[in-house]
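Q: I am new to this structure and would like to learn how to read its features one at a time. Could we look at it together?

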Amino acid sequence: MQNLASKRILFVDDEPHMHKIVKISLETIGGWEVMVANSGAEGIVKAEDLKPDAILLDVMMPEMDGIACLKKLQLNIKAQSIPVIFLTSILSFTEANQFLALGAVGAIAKPFNPVTLVSEIAKILGWNLENSETQRVQKHYIS
């Protein structure tokens, strides 16, 4: 089983309040390290430099939206192998399939439940949470 506590996630979103929510959720419940970027351009640079295990990417951002950012990541030799999950308020079945067709590994709808966000990400990425500390923490917060 992979050591989930050592996972590093890059969260790319232009909204500072979302940084706080996602960071608290993933660090407290998942024990993951969370790095943030305020824009698609900053996200690309951080992806190259920090080489996270996954990228959580907002779709709706000024200047460079999430889709344009994903396309640039795919062309970047240093970042193209990093799995990308979209976090977006515009998620229907059709849009989710379009995101997958673009090369994202999944999509999570906003608003999301901060308590189950770790599980949603792990499920999309195929990371096994069975018998992990994350499961015990989630049960504590949910019950």
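Q: Which residues of α1 meet α5, and which residues of α5 do they meet?
A: To read a helix contact, list the residues on each side. In this predicted model, Val22, Ser25, Leu26, Ile29 and Gly30 of α1 meet Leu117, Val118 and Ile121 of α5. Sorted by class, the contact of α1 with α5 holds six nonpolar and two polar residues, with no charged residues.

Q: At what angle do the axes of α1 and α5 cross?
A: The axes of helix α1, residues 16–30, and helix α5, residues 117–125, cross at roughly 80 degrees and come within 9 Å. Because angles of 65 to 115 degrees count as roughly perpendicular, α1 is described as roughly perpendicular to α5.

Q: Is Glu27 buried or exposed, or something in between?
A: Glu27, which has its place in helix α1, counts as partly exposed because its relative accessibility is 32%, and partly exposed is the class between under 20% and over 50%. Apart from neighbours within four places in sequence, Glu27 is in contact with Trp32 and Val34. The C-alpha atoms of Glu27 and Ile9 are separated by 9.8 Å, the two residues being 18 residues apart along the chain.

Q: Which side chains of strand β5 are buried?
A: In a strand, one can follow the side chains face by face. Along β5, residues 106–109, they alternate: Gly106 and Ile108 point to one face and are buried, whereas Ala107 and Ala109 point to the other and are not.

Q: In which sense do β4 and β5 pair?
A: Strand β4, residues 84–88, pairs with β5 in the parallel sense over four bridges, and Phe86 has Ala107 in β5 as its bridge partner.

Methods:
Residues numbered from 1 in each chain as written. Predicted model: local features only at pLDDT ≥ 70, side-chain atom pairs only at ≥ 80, totals over all residues. Heavy atoms only, no water. Axes fitted to C-alpha atoms, helices over the stretch in contact; angles between N-to-C directions. Helix = DSSP H or I, 4+ residues; strand = E, 2+ residues; numbered from the N terminus. Parallel < 35°, antiparallel > 145°, perpendicular 65-115°, else oblique. Contact = heavy atoms within 4.5 Å. Nonpolar A, V, L, I, M, F, W, Y, C, P; charged D, E, K, R; others polar. Buried < 20%, exposed > 50% of the residue type's maximum accessible area, 1.4 Å probe, protein only. Pairing = 2+ DSSP bridges.
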